[in-house]
Amino acid sequence: MIRQHAEHSAADVTERELRELVATAGRVLYQQGLVDYLGHCSARVPGTERVIIKPKHSPRVMSPAALSADDMVVIDLDGNLLEGSDSPPSERFIHTEIYRARPDVLSVVHTHQRAATLLGVIGADLLPVLHVPAVLTDGGAVAAWPCPLLVTSPELGRKLAATLGGGKLCHLQGHGIVSVAADVPRAAVSAIALEQLADANLTILQTGRSPRIISPAELDGLRDSVASIGGRWAYYVQQLEGEVRPC
């Protein structure tokens, strides 16, 4: 059984447990429809330059739903493969350059989730119109990087990291999104919340009506009352029960 660590300090999680969390996050994001055979989650081993990440898609490495902790690979901050029998993803520099620029970040999620990507394509604001998703996305605070290119070089990774700045979420316009956090569950749950909020915004735009926006004061009050990341992560992991699990 996979242990849950959303309420633990990231420094307390072992490398084996990080492998399990990264693999589980891939299955959660797949089950939520945010990734298919593309997209990846990673975790930096605290106090090191080791990054655990889903391997590159190939005839052997397909759906994240079929990958286990043992399938994850380890790279360094230069993107070099340190451990694993498969190649790292070509867009590993999304992860490595964010980690290099942000010592506070210990997990990065990259997806091509539909609603958030489309909202970024049209340049619409992510309005805080739903209570919990708005809290989990810091009131809809999302940076926008106007570049559809695959992030296959350190230079592009540095540009993306600069656009993200000190934030937690970024649109890669015409491409996808990035969610960063101090642990894997938080990065994954934030990506899910971003999609929920983006979907609501797209629906509202289609009505032509002006929505009621949740105020900063209301968001501050909500932050003290919404369920913890740990509880939400446990819920999403529970949705995996009954599905085919990797060997």
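In this predicted model, strands β1 and β2 form a hairpin with 6 residues between them. G47, in the turn, has a positive phi of about 80°.

Strand β1 covers residues 40-44, and 5 of its 5 residues are buried. H40, S42 and R44 point one way from the strand, while C41 and A43 point the other way. In a regular strand, side chains alternate between the two faces of the sheet. In β1, the residues of both sets are buried.

Strand β1 pairs with β2 (residues 51-53) and also with β5 (residues 107-111), which in turn pairs with β8 (residues 176-181). The table lists these pairings.

| Strand pair | Sense | Bridges |
|---|---|---|
| β1 and β2 | antiparallel | 3 bridges |
| β1 and β5 | antiparallel | 4 bridges |
| β5 and β8 | antiparallel | 5 bridges |

Individual residues can be placed within these pairings. A43 has I52 of β2 as its bridge partner, and S42 has V108 of β5. Further along, V109 stands opposite S179 in β8.

These strands belong to an open sheet of 8 strands, in the order β4-β3-β2-β1-β5-β8-β7-β6, with mixed pairing. The edge strands are β4 (81-83) and β6 (143-145), each of which pairs on one side only. From one strand to the next, the twist averages 25°.

Helix α1 (residues 15-31) packs on this sheet. The helix touches β1, β2, β3 (73-75), β4 and β5, and its direction makes about 160° with that of β1.

Key:
Residues are numbered from 1 along each chain as its sequence is written. This is a predicted model: local features need pLDDT of at least 70, side-chain atom pairs count only at pLDDT 80 or more; totals for chains, interfaces and linings use all residues. Side-chain values use heavy atoms; hydrogens and water are left out. Buried means under 20% relative accessible area, exposed over 50%, partly exposed in between (1.4 Å probe, protein chains only). Helices (H or I, at least four residues) and strands (E, at least two) are DSSP runs, numbered from the N terminus. Two strands pair if DSSP finds at least two bridges between them. Axes are lines fitted to C-alpha atoms, for helices over the stretch in contact, and angles run from 0 to 180 degrees between N-to-C directions. Contact means heavy atoms within 4.5 Å.
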